[in-house]
Amino acid sequence: MKQTIIINADAFETRIAILEGGELAELLVERADQRRNVGDIYKARVNAVLPGMQAAFVDLGLPKTGFLHASDLSESLEALDDLSDVEEGEGPGGRRRRGPVPKIEDHLEKGDEILVQITKESIGTKGPRVTQQVSLPGRYCVLMPGVDHVGVSRRIEDRSERQRIKAIISDVKPKGVGLIARTAGEGHGDAEFAADVKYLAKLWTKIERKSETSRAPAPVHRELEMTASLIRDLFTEDTEEVIIDDKNAYSEIQNYLKTVSPELRDRVQLYKGREAIFDAFGIEAQIEKTFERKVWLKKGGYICVDHAEALVAIDVNTGRFTGKKNQEETIFRTNMEAAKEIPRQLRLRDIGGIIVIDFIDMEIEANKRSVLDELRKELRFDRARTKAFAVSDLGLIEMTRQRERSSLLHYYTEDCPTCGGLGKTPSPETMLVKLERAMRRVSAMGSERRIILKVSPDIALYFVEQEARRFTELEKRFKLAVDLKDDPQLKRGEMRVLTEKKLDITKQVVGSVPGT
């Protein structure tokens with residue numbers, strides 16, 4: 001599919017929008033003080049080896065320790081099958097194995113210094129995922145030390161072209177390394193592949209030498225900045241143009257392309273308009289919609305995207321779409337439209353991990369298969385690895401999507417300070433019930449005849465304006481006078497109780513769980 005890449009490079013944040021058919025398909029963001037580190041290589045020190053988890057924790061010199069699984073040990077490469085048919089960017093870690101995964105305790109000890117590469121960003125409380133199976137991406141190839149195979153990206157589908165490229169990279173492959181031809185190499189000849197492999201082999205030699213002289217923990221190699229790596233990975237014949245609003249970044253891209261792909265330089269344009277570049281291309285409004293829970297479909301149906309700790313749930317609804325024939329047809333058309341939109345939303349929001357899709361229940365098996373086929377067809381346009389499973393007995397489709405970093409929602413937002421990310425706060429009625437229980441506990445203490453009650457302003461207003469009669473009844477029932485005070489410092493679900501002598505008795509009389 002033809003693409004247009006729009007780059008907005010500000011001092012604090014760089015944003016890259018990938019447009020397909022005029023619509024925003026992907027958004028990549030990197031901030032100056034939050035540099036992404038997938039692809040970076042470190043000399044790390046082993047902090048702990050855990051046979052029960054078949055994993056080790058390694059010190060990278062970063063705020064969080066890295067997680068190394070036994071399947072990512074360099075020794076695992078010995079059991080690796082050939083790379084004749086690979087997913088681009090998959091690297092050795094995702095291939096089939098001829099033998100069992102080695103036991104981590106047989107190969108690592110606490111205090112060992114090892115070379116590792118980050119494969120997944122630190123997300124939430126988890127540290128970065130790392131591997132000993134290093135892969136170095138170039139323009140046309142990916143070089144993998146320790147593997148003695150060659151492969152061609154699955155995205156190159158023409159059989160004769162695959163054989164031609166495989167023959168070329170077999171001839172230029174250095175000893176002791178593996179090579180995967182990337183999609184960008186399609187149609188290119190010996191000279192381009194040879195130059196790319198020569199650069200990568202030289203880079204690997206430099207990394208090895210630096211590793212030998214570095215003391216762990218220490219960075220040994222940094223992946224390219226986001227803009228340069230995107231040009232390297234995505235700028236192919238399918239890219240119609242790249243438009244950028246920063247002169248320095250424009251010059252860097254031009255210099256990079258002059259070396260690797262001079263024929264593409266004319267497609268890079270410097271934006272000179274007065275209007276902000278993302279406004280000029282209608283991107284800003286589309287970005288704002290990516291944070292909305294509900295996504296409307298063209299025919300009137302909609303999907304809801306909900307993030308949980310373990311997975312992302314997507315619900316499909318008919319909404320305003322009533323159809324013209326029978327109910328099954330209406331449901332089928334809504335599901336088909338959702339099956340086309342959901343993969344776009346996954347790419348756009350950069351959602352990874354386990355995803356469960358609740359399509360509207362269908363009776364006809366052929367319709368179920370058609371919806372699944374449509375979903376899988378659209379997922380093929382995704383650069384991330386995806387896998388969608390058959391419709392379950394409950395009518396759900398479970399799928400996975402490769403996750404290297406936090407989703408856009410988590411990158412741009414933080415938990416609400418009022419509800420702690422729950423999305424709900426105790427209702428005013430719940431707070432009144434909570435007060436009743438607190439007053440009962442104070443009454444049981446037997447020593448107090450008057451208390452000071454502090455709540456948030458909106459709850460205080462509710463007590464006075466809408467529940468004044470019930471409030472008075474509570475005072476009479478428990479023979480307890482209440483001095484109500486609004487406190488802007490308190491959140492909706494919080495309540496403080498003090499004695500007449502200003503002694504705080506909140507812990508004794510107010511439950512810690514809302515509604516208790």
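1. Let me start at a loop. Lys479 sits in the loop between helix 12 (468-478) and strand 24 (481-486). Its phi is near 50 degrees, a positive value in a residue other than glycine. Lys479 is also exposed, with a relative accessible area of 64%. Keep in mind that this is a predicted model, here and in every point below.

2. There is a second spot to check on the backbone. Gln54 is not a glycine either, yet its phi is positive, at about 50 degrees. This one lies in the loop between strand 4 (41-50) and strand 5 (55-59).

3. While you are going through the loops, have a look at Pro217. The peptide bond leading into it from Ala216 is cis, with omega near -5 degrees. Pro217 belongs to the loop between helix 2 and strand 14 (218-221).

4. Now the overall picture. The protein chain has 13 helices and 25 strands. Its C-alpha trace spans about 95 × 65 × 55 Å along the principal axes. Of the 516 residues in the chain, 46% are buried. As for contacts with a separation of 6 or more, 68% of them are between residues 24 or more positions apart.

5. On to helix packing, with helix 1 (residues 159-172) and helix 2 (residues 190-213). Two packed helices are described by the angle between their axes and the distance between the axes. For this pair the angle is about 45 degrees and the axes are 10 Å apart. Roughly parallel would need an angle under 35 degrees, and helix 1 and helix 2 are therefore oblique to each other. Their crossing is right-handed. On the helix 1 side the contact is made by Ile165, Ile168, Ile169 and Val172, and on the helix 2 side by Asp190, Phe193, Ala194 and Val197. By class, that contact comes to seven nonpolar, no polar and one charged residues.

6. The other pair is helix 7 (residues 327-349) with helix 8 (residues 365-379). Here the axes come within 8 Å and cross at roughly 20 degrees. Helix 7 and helix 8 are therefore roughly parallel to each other, and the crossing is again a right-handed one. From helix 7, the residues that meet helix 8 are Glu328, Phe332, Asn335, Met336, Ala339, Lys340, Ile342, Pro343 and Leu346. Helix 8 answers with Asn367, Ser370, Val371, Glu374, Leu375, Glu378 and Leu379. Sorted by class, the contact of helix 7 with helix 8 has nine nonpolar, three polar and four charged residues.

7. Helix 3 (residues 226-234) deserves a look of its own. It is mostly covered, with seven of its nine residues buried. Those buried residues are Met226, Thr227, Ser229, Leu230, Ile231, Arg232 and Leu234. So what lies over them? The cover includes three strands from early in the numbering, namely strand 1 (3-9), strand 2 (13-20) and strand 3 (23-31). It also includes strand 10 (136-137), strand 15 (239-244) and helix 4 (247-260).

8. Next, the cysteines. The structure holds zero disulfides. Cys416 is in none, and the nearest cysteine sulfur, that of Cys419, is 3.8 Å away. Why is there no bond between these two? A disulfide needs the sulfur atoms within 2.5 Å, so the 3.8 Å from the sulfur of Cys419 to that of Cys416 is too far for a bond. The two residues also fall into separate burial classes: Cys416 is partly exposed, with a relative accessible area of 35%, whereas Cys419 counts as buried at 18%.

9. One last item takes us back towards the opening loop. Arg441 is found in helix 10 (residues 428-445). Is it buried, partly exposed or exposed? With a relative accessible area of 34%, Arg441 is partly exposed. It pairs up with Phe478 as a long-range check: the two lie 37 residues apart along the chain, and their C-alpha atoms are separated by 9.7 Å.

Methods
Residues numbered from 1 in each chain as written. Predicted model: local features only at pLDDT ≥ 70, side-chain atom pairs only at ≥ 80, totals over all residues. Heavy atoms only, no water. Buried < 20%, exposed > 50% of the residue type's maximum accessible area, 1.4 Å probe, protein only. Axes fitted to C-alpha atoms, helices over the stretch in contact; angles between N-to-C directions. Helix = DSSP H or I, 4+ residues; strand = E, 2+ residues; numbered from the N terminus. Parallel < 35°, antiparallel > 145°, perpendicular 65-115°, else oblique. Left-handed = near helix turned anticlockwise from the far one by under 90°. Contact = heavy atoms within 4.5 Å. Nonpolar A, V, L, I, M, F, W, Y, C, P; charged D, E, K, R; others polar.
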